[in-house]
Amino acid sequence: MTIRPIFSALLRNKTAPLLVILQVAISLAVLCNMMYIVNLRLTAAVRPSGISTEQNVFRLAYRPIDAFNSQQNKARKALQKQLLTALPGVVSVASTNQTPFGNSDSRTGIATNRKQTQSTATAGFYESPDSLVKILGLRLLAGRDLTLDDVVDRDDSQAKRANPKVVIVSQALAKLMYPDAPSVIGKPILFGTGNDADEAQIIGVVETLITPSAENAAESNYTVISPVRNLNRSSNFVIRTEAGQRDRVMLAAQEVLKKSASNPATIEADALESDRERRYHADKSLAWMLVAVSVLLLLVTASGIVGMSTLWVAQRTKQIGVRRALGARKIDILWYFITENLIISSVGIALGVLLAVALNQILVSQFELSKLPLSYLLIAPMIFWLLGVLAVIDPARRGANIPPATATRTA
């Protein structure tokens, strides 16, 4: 069987093939980008936070309604930490201003020198007088951990804010700030820009610590750990428990803080796993919705191919009968329709790949997505080629099974 007669037949009836070509092209372009977005969303939902064994960690917030008094707050937080540490099943407790996937997200612009007029990045800013490296189980890649000697007390009622002299940064932020430096240990980091910006020294680098909002962008890995003890009235703790003890300890921790409170207060506790689930609930919902739309899109495309092939078989019944009478085998008729469909699908796929790249460029410019990987442009055409063959097999088989006598009698 030669290809030329098939091309001649397609050129005599252009409308139906063109419609299928457009359907395949648009479906492929949309499907490529939707599947890429699905992959990004689902991958982000399981991205590492930097915290080891998240299932053993929870956060605890205590918000009293009494008046602000920095010394009373300092004493109260020390007592609360002591009570929480003494609970059975507790491994360690740290006071902190925020946690990954939590409700609070403190950020600050950072720079590397005072000549900069714009910040190098906006980094998530973790503050704690305790070792978040040990309690969160962060991996320290270089330098040292923060110690009690590094801690400064910050009283927001004072006109002059106390700022730390040393900090730990994430690996992603270190590479962004000093991309060519073999080591960032001892390098300066400025909080803000200009001559008035506070300066600290980088003494350690952790592999990963995600920002509380954990957004789907590189900025989610830009974080700073600062040795600061906040003397505001609210207390925020991150607590690590023994394996399997988290839920029990979570209830006990809320109860012990409630009993120790001299004034009414709001106490809230939640597992980091729950915070992660809430953070990515919308992303997962969007991803599965896109999966459902993609499946429907494939079904619609397949239906279009089946419908076109069925119509062509019905229109060519007499032609099929004549070919059968002249000696054409069933397999010849079957391959005729499959080849015809592959030609149409191939043109649609080629156009679809171009459209997919163009659509991705729009998404990159408008929504800050990364470029579509080459693998999607290789796998999607294979799916559509396979879809085209499967969709045409049944109509082609029915056409091949038409008896020559019946076909030639068709008006």
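Let's start on the inside, with A214: this residue is buried, its relative accessible area being 0%. Keep in mind as you look around that the model is predicted. A214 doesn't belong to a strand itself; you'll find it in the loop that runs between strand 9 (198-206) and strand 10 (223-226). If you set aside its neighbours within four places in sequence, the residues in contact with A214 are R47, F101, S220, R279 and Y280. Another residue worth picking out here is S49, which sits 165 residues away from A214 along the chain, yet their C-alpha atoms are separated by just 8.4 Å.

Now for the open space. The largest pocket holds about 570 Å³, and its lining is made up of 33 residues. To get your bearings, look for N97, Q98, S106, E127 and N230, as these lie nearest the centre of the pocket. Two or more lining residues come from each of strand 1 (57-64), strand 3 (107-111), strand 4 (121-127), strand 11 (228-230) and strand 12 (235-241). Strand 1 gives the largest share of that lining, with four residues.

Finally, head out to the surface and over to helix 11, which covers residues 374-400 and is where M382 is found. With a relative accessible area of 55%, M382 counts as exposed, because the cut-off for that label is over 50%. M382 also has company: together with L374, L378, I379, I383 and W385 it makes a nonpolar surface patch of about 610 Å². So the tour that began at a residue with 0% relative accessible area ends at one with 55%.

Notes: Residues are numbered from 1 along each chain as its sequence is written. This is a predicted model: local features need pLDDT of at least 70, side-chain atom pairs count only at pLDDT 80 or more; totals for chains, interfaces and linings use all residues. Side-chain values use heavy atoms; hydrogens and water are left out. Patches are made of residues with over 30% relative accessible area and no salt bridge: like charges are joined within 9 Å, nonpolar side chains (Val, Leu, Ile, Met, Phe, Trp, Tyr) within 5 Å. Accessible areas come from the Shrake-Rupley method with a 1.4 Å probe; for residues, only the protein chains shown count as cover. A salt bridge is a side-chain nitrogen of Lys or Arg within 4 Å of a carboxyl oxygen of Asp or Glu. Buried means under 20% relative accessible area, exposed over 50%, partly exposed in between (1.4 Å probe, protein chains only). Contact means heavy atoms within 4.5 Å. On a 1 Å grid over the protein atoms alone, a cavity is a set of points where a 1.4 Å probe fits but cannot get out, and a pocket is an open set with protein on both sides within 12 Å along at least five of seven lines; lining residues have an atom within 4 Å of a point. Grid points are joined across faces, edges and corners, and a volume is the space filled by probe spheres set on the points.
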